[in-house]
Amino acid sequence: MELRRVGEHGLLVVCPDAAAVRAAYAELRARADELGAVEVVPAARTVLLDGLADAAATQAALTGWEPEPGAENRSGDLVEIPTRYDGPDLDEVARQWETTTADVVRTHQATEFVVAFCGFAPGFAYCTGLPETLSVRRKEAPRASVPAGSVALAAEYTSVYPSSSPGGWQLIGRTDLALWDPAAGTPALLMPGTRVRFTDA
Amino acid sequence: MPDPTIEILDPGALTTVQDLGRPGHAHLGVPRSGALDEPALRLANRLVGNEESAAVLETTLTGVSFRATQAGRLAVTGAACTIRVAQRSVAWGAAVPVPAGAVVEVGAAALGLRSYVALAGGVAVVPVLGSRSTDLLSGLGPPPLRTGDVLPLGAPGPAPSAAEVVRRTPERVLRLDLGPRADWFTEEALDLLDGGVYTVGAASNRIGLRLAGPVLARRRDAELATEPMVLGAVQVPPNGQPVVFLHDHPTTGGYPVIGVVRSVDLAVCAQARPGDHLTLRVLDG
């Protein structure tokens with residue numbers, strides 16, 4: 001894995017693909033204390049270690065390191081998200097996928113997703129699992145307000161808006177499940193590595 | 001005796017509650033937040049005898065005024081300003097007593113942008129994810145203060161005995177380490193960056209310091225896959241005008257980061273006003 005320094009306290013692990021990010025994240029998260037990292041943050045093709053007391057030492061410790069083969073399949077918890085597929089953009093996604101809305105729902109429910117990373121808002125999880133061919137274009141003009149619980153698609157990702165916010169993703173349904181509760185022991189229902197299935201509400 | 005509180009009479013342009021923030025949750029999409037001028041926060045707390053991590057008020061340009069229900073003490077650090085307690089001028093950068101019922105007026109910043117008002121006992125609003133900080137990006141923590149808000153204070157500890165020398169030379173330089181994506185930029189851009197003089201933009205806020213100056217051109221047109229972002233990251237959008245990520249920055253971003261500002265210079269970012277000129281310096285190695 002390629003390592004890049006990020007300022008005084010950060011180290012960026014550059015991965016060849018999303019599966020390698022999952023593998024690297026799983027292992028680095030487990031080793032966070034040993035590596036002296038305050039933050040272990042995955043994204044699309046990179047994992048950041050931040051808050052390192054001695055970034056040079058951590059870089060030396062990780063030089064030549066590769067995550068254990070199969071670490072990306074170390075299964076996270078499975079979360080089922082009961083969903084009503086009545087989103088305002090269901091027709092638009094069906095058009096983009098050149099299929100029927102019923103088929104969009106079937107595909108979405110048949111896919112086991114994995115949370116690749118969180119971002120945009122607390123608890124907003126970028127879930128991977130759809131093939132590249134089903135990449136979805138964002139809305140041309142983002143909505144000023146997307147309701148909490150909206151189930152959405154954009155690029156190769158699906159997500160659920162954890163709280164109401166502006167947003168440009170295509171909305172295909174909604175869930176009553178609480179995705180984000182800062183007062184809970186685990187504030188985010190969906191965390192990097194969590195497996196996700198969408199079911200009938 | 002009822003618990004001590006303060007009642008906000010005028011929050012100015014923007015006054016928020018800040019402590020050392022909530023690092024450790026970035027993988028959930030939670031910004032670190034916290035005081036932009038961390039040394040000023042720590043100093044203000046030490047002056048009144050608080051833990052350095054206690055929550056204080058962070059003002060923006062125009063100050064704040066409030067009434068204290070009980071006798072206590074306060075200290076104001078960060079941006080220099082006038083301070084009046086019960087209509088009498090008191091010292092900046094020092095612990096001063098506040099009589100019960102007194103109105104405290106923290107004036108507009110004379111030098112710098114953000115003042116820090118520590119009250120003995122600390123602001124004791126309910127913490128969220130271990131911090132009382134207002135996060136303007138994600139809305140965690142107490143909302144920006146409004147007239148009439150009542151904030152609880154913790155129990156004050158003993159006054160510190162040792163005096164502190166409070167002095168800061170406002171340097172107008174941001175030193176940065178190159179990377180992680182400096183290789184996305186032209187040699188010319190890297191030359192312009194080192195020693196480049198940039199003007200602080202009016203749209204700057206707790207999320208980012210927007211700079212206008214020499215255009216930093218890319219040598220790659222490719223789109224960067226969403227990447228984790230750090231405090232102090234100098235992100236360069238397609239217009240070539242850098243943005244320095246401050247404490248409420250998003251945890252991920254899609255533009256390449258040419259360098260990262262040294263943590264000692266983040267206080268310069270915190271105190272830079274729109275229109276100020278800042279010089280960027282690239283550090284060797």
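Let's start with chain B, whose secondary structure comes to 3 helices and 20 strands. Keep in mind as you look around that this is a predicted model.

How does the overall build of chain B look in numbers? Along its principal axes, the C-alpha trace spans about 65 × 35 × 30 Å. You can also check the radius of gyration: for 285 residues, a compact globule would come out near 19 Å, and chain B has 20 Å, so the two agree. Of those 285 residues, 55% are buried. Now take the contacts in chain B between residues at least 6 apart in sequence: 77% of them join residues at least 24 apart.

Next, the outside. The accessible surface of chain B adds up to about 11600 Å². Carbon and sulfur atoms account for 53% of that surface. As for charge, chain B carries 24 positive and 27 negative side chains. If you find the centre of each set, the two centres lie 4 Å apart.

Which stretches form the domains of chain B? The assignment gives domain 1, covering 5–152, and domain 2, covering 173–282. Their centres, taken over C-alpha atoms, are separated by 28 Å. The two domains of chain B do touch: 27 residues of domain 1 are in contact with 17 residues of domain 2.

Let's zoom in on a few spots, beginning in domain 1 of chain B. Go to the loop between β2 (16–18) and α1 (38–48), and you'll find B:Ser33 there. Its phi angle is near 55°, a positive value in a residue other than glycine. Is B:Ser33 buried or exposed? With a relative accessibility of 0%, B:Ser33 falls under the 20% cut-off, so this residue counts as buried.

A second positive phi turns up at B:Ala86, another residue that isn't glycine, with a value near 50°. B:Ala86 sits in the loop between β6 (83–85) and β7 (88–90) of chain B. Its relative accessible area is 39%, and because partly exposed covers the range between 20% and 50%, that is the label B:Ala86 gets.

Now try B:Ala55, in the loop between α1 and β3 (56–58) of chain B. At 2% relative accessible area, B:Ala55 is buried. What does B:Ala55 touch, leaving out residues up to four places away in sequence? The list is B:Val17, B:Gln18, B:Asp19, B:Gly122, B:Val123 and B:Arg132. You can also look at B:Ala55 together with B:Leu119: they are 64 residues apart along the chain, yet their C-alpha atoms are separated by 8.7 Å.

Over to the other domain of chain B for one more detail. Where is the cis peptide bond described here? The bond joins B:Gly179 and B:Pro180, and its omega is about 10°. B:Pro180 belongs to the loop between β12 (173–178) and α2 (187–193) of chain B.

Finally, have a look at chain A. This chain is divided into domain 1 (2–73) and domain 2 (78–200). The centres of these two domains of chain A, again taken over C-alpha atoms, are 27 Å apart. Their contact takes 6 residues from domain 1 of chain A and 7 residues from domain 2 of chain A.

Technical notes: Residues are numbered from 1 along each chain as its sequence is written. Chains are lettered from A and ligands numbered from 1 in the order in which they are written. This is a predicted model: local features need pLDDT of at least 70, side-chain atom pairs count only at pLDDT 80 or more; totals for chains, interfaces and linings use all residues. Side-chain values use heavy atoms; hydrogens and water are left out. Helices (H or I, at least four residues) and strands (E, at least two) are DSSP runs, numbered from the N terminus. The radius of gyration is taken over C-alpha atoms; the globule rule is 2.2 Å times the number of residues to the power 0.38. Buried means under 20% relative accessible area, exposed over 50%, partly exposed in between (1.4 Å probe, protein chains only). Contact means heavy atoms within 4.5 Å. Accessible areas come from the Shrake-Rupley method with a 1.4 Å probe; for residues, only the protein chains shown count as cover. Lys and Arg count as positive and Asp and Glu as negative; His and the chain ends are not counted. The place of a charge is taken as NZ of Lys, CZ of Arg, CG of Asp or CD of Glu. Domain bounds come from an automatic or database domain assignment.
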